[in-house]
Amino acid sequence: MKIKYIKYVLLSTVLTLGACSTDYLDTTPTNQTSPSNVFKSTETVAMAINGLAKLMTAQHIGQGYNGEGTIKLYFGEYPGNNFRKDVSASIANLENIENTNSSLNAYPWHYYYMLITNANDIIANVDGAEGPVNDKKYLKAQALAYRSYAYTMLVQIYGNRWIDSNNGETKSVVLRLSPNDSKELPLSLLKDVYAQIYKDLDLAIQLFGESGYKREASKNYFVDSSVAHAIYARAALNKQDYTVALREAGLAKKDYPLMSTTAYKAGFGNPTSEWIWSSYGAADEQLHYYSYGAYMAYNSNAGAVRNTPSRISKEFYETIPGSDIRKELFIDPTGYPTKEYNEDNGLTVAKSQLDKDIRVKYPDIQSDAKTAAYMQVKVKNNTNPGVMHLNHFRSSEMYLIEAEALHFLGRDNESSKILENLTRESGRDVNYSCRKTGNDLFNEIVKYRGIELWGEGFDWFDYKRWNLTIDKKVGSKGGNASPTFARKFTPEMNNKWTWRVPKAESDYNPNI
């Protein structure tokens, strides 16, 4: 596969989207559009912003790559510690981190720079568009937020973890900030990329405030100031800038109360009270068998679900208290003889009592789908094969960022209280209490972050950030990883879990 770094102009990407009945895809066909028309008015710029949203759930570079869903699964979950799915050993076993010719290596670079270069065009041109000044301000703010989000994700993949970076002095990714930038740019220092992320978000938040922009409740896929604060909180946590992370997480979550336990069990396919930002999903706007839902949702009719159900790590599952409603989101094989399921991959024996009981409890599982011990029933689609809205930020994550930041700021009592607010006061576990301090509290944060955010794309990113070992064990050693996937990854392995810059970039850019 050959991918060149090119300027992904709006004419060739954002506006190749077709028409749809909702304003999510309210765009002008390419054969009727020129760059001058894209930036003619605030209405046409708004279409370009919608195009950025669409890029996050569009197919890129080939089948199986589905925008943000691929990042969540291939990078966040498959190689993580708490997730089990018997597909693609090369992905789960981190075999391509140093393979600069791999499409997997190139994908995040290609995808996020597509977002960045299109956002750069909007930022550079929106002020010259016809229309109200306040509209220009909130449109520019949205583009700035998209750019900062893309860079936040890029440095998690291609940059060192902060503690390995000598306070950000190591090289990371290329800072491209203008449509007029030369292709021949060097890698920027990690600290400089974070400085730009902060700068973009400060300006975005200022512009959102000046414009008076308020997102409609039904349009969770639009970006507003809460989204900007949430991106800021995540970026600051990755940078170990705990004072900023604490401040921004609090601002991000203030209008997003934690969802009810009923909503928690509803399948994570539609926005709830705590969804801060998501991607739109409907039957007339989907990727069919290549969407996140078609790889993940337990009720999907896609082969990736029917043949290889996603499972939680047995070792991790057993740490979840029985009173926690989140434990109910996985199939518990306790009480069934082990002859009814494979101890490694979890697959049940067809028509065994365990298999029958799973299907009675979850009749929306496809009749020809395999069931498994520890199989997830957290995520379900709205329509087959994988139609669902895709969450990117929830207020729950912000609570966990606050708890972690408070701990590292030496405020353990406040950190414990945040964990109690998230877990007990929300009804997730009415028996939960936390009185831990020091390393015990840190381990508690690690555990409850894993419980709360399982399957949503955080697992590997968190273990990299924390500098923790990933250890997947086979059934005979107390785990439930299949032998092909049973591996231990210590933090210094695989280039310290830092993906190499793709050859497609270095071939095109002589300054790499």
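**View 1. Phe83 and Trp454, a buried aromatic pair.** Both Phe83 and Trp454 are buried in this structure, which is a predicted model. Their rings form an aromatic pair that is stacked, with 5.1 Å from centre to centre and 25° between the planes. Phe83 belongs to strand 1 (residues 83-84), whereas Trp454 lies in the loop between helix 17 (438-452) and helix 18 (459-466), so the pair ties together parts that are 371 residues apart in sequence. In total, the structure holds 35 aromatic pairs, and Phe83 with Trp454 is one of them.

**View 2. Tyr113 and Tyr151, an aromatic pair between two helices.** The ring centres of Tyr113 and Tyr151 are 6.1 Å apart and the ring planes stand at 85°, so this pair is edge-to-face. Tyr113 comes from helix 5 (residues 103-125) and Tyr151 from helix 6 (residues 133-158), and the pair thereby links distant parts of the chain, 38 residues apart. Both Tyr113 and Tyr151 are buried.

**View 3. Helix 8 and its two ends.** Helix 8 comprises 14 residues (residues 225-238), which at 1.5 Å a residue should span 20 Å, and the C-alpha atoms at its ends are indeed 20 Å apart, in agreement with that expectation. Of these 14 residues, 13 are buried, so helix 8 is largely enclosed by the rest of the structure. At the start of the helix, a side-chain oxygen of Asp224 reaches to within 3.1 Å of the backbone nitrogen of Ser226. The residue Gln240, which follows helix 8, has a positive phi, near 60°.

**View 4. Two lysines, each with its charged end over an aromatic ring.** The charged end of Lys327 sits over the ring of Tyr317, at 4.8 Å from the centre of that ring. In the second example, the charged end of Lys378 sits over the ring of Phe268, and here the distance to the ring centre is 4.7 Å.

**View 5. Strand 4 and its antiparallel partner, strand 2.** Strand 2 (residues 275-279) and strand 4 run antiparallel, and four bridges join them. Within this pairing, the bridge partner of Ser278 is Asn391, which lies in strand 4. Five of the five residues of strand 4 (residues 390-394) are buried, so this strand is largely enclosed by the rest of the structure. When following the side chains along a strand, the reader may bear in mind that in a regular strand they alternate between the two faces of the sheet.

Conventions
Residues are numbered from 1 along each chain as its sequence is written. This is a predicted model: local features need pLDDT of at least 70, side-chain atom pairs count only at pLDDT 80 or more; totals for chains, interfaces and linings use all residues. Side-chain values use heavy atoms; hydrogens and water are left out. The expected span of a helix is 1.5 Å times one less than its number of residues. Buried means under 20% relative accessible area, exposed over 50%, partly exposed in between (1.4 Å probe, protein chains only). A polar contact is a pair of N or O atoms within 3.5 Å; within protein, one must be able to donate a hydrogen and the other to accept it, and residues adjacent in sequence count only if both atoms are side-chain atoms. Rings of Phe, Tyr and Trp (its six-membered ring) pair if their centres lie within 6.5 Å; planes under 30 degrees apart count as stacked, over 60 as edge-to-face and the rest as tilted. A charge sits over a ring if NZ of Lys or CZ of Arg is within 6 Å of the ring centre and within 35 degrees of the ring normal. Two strands pair if DSSP finds at least two bridges between them.
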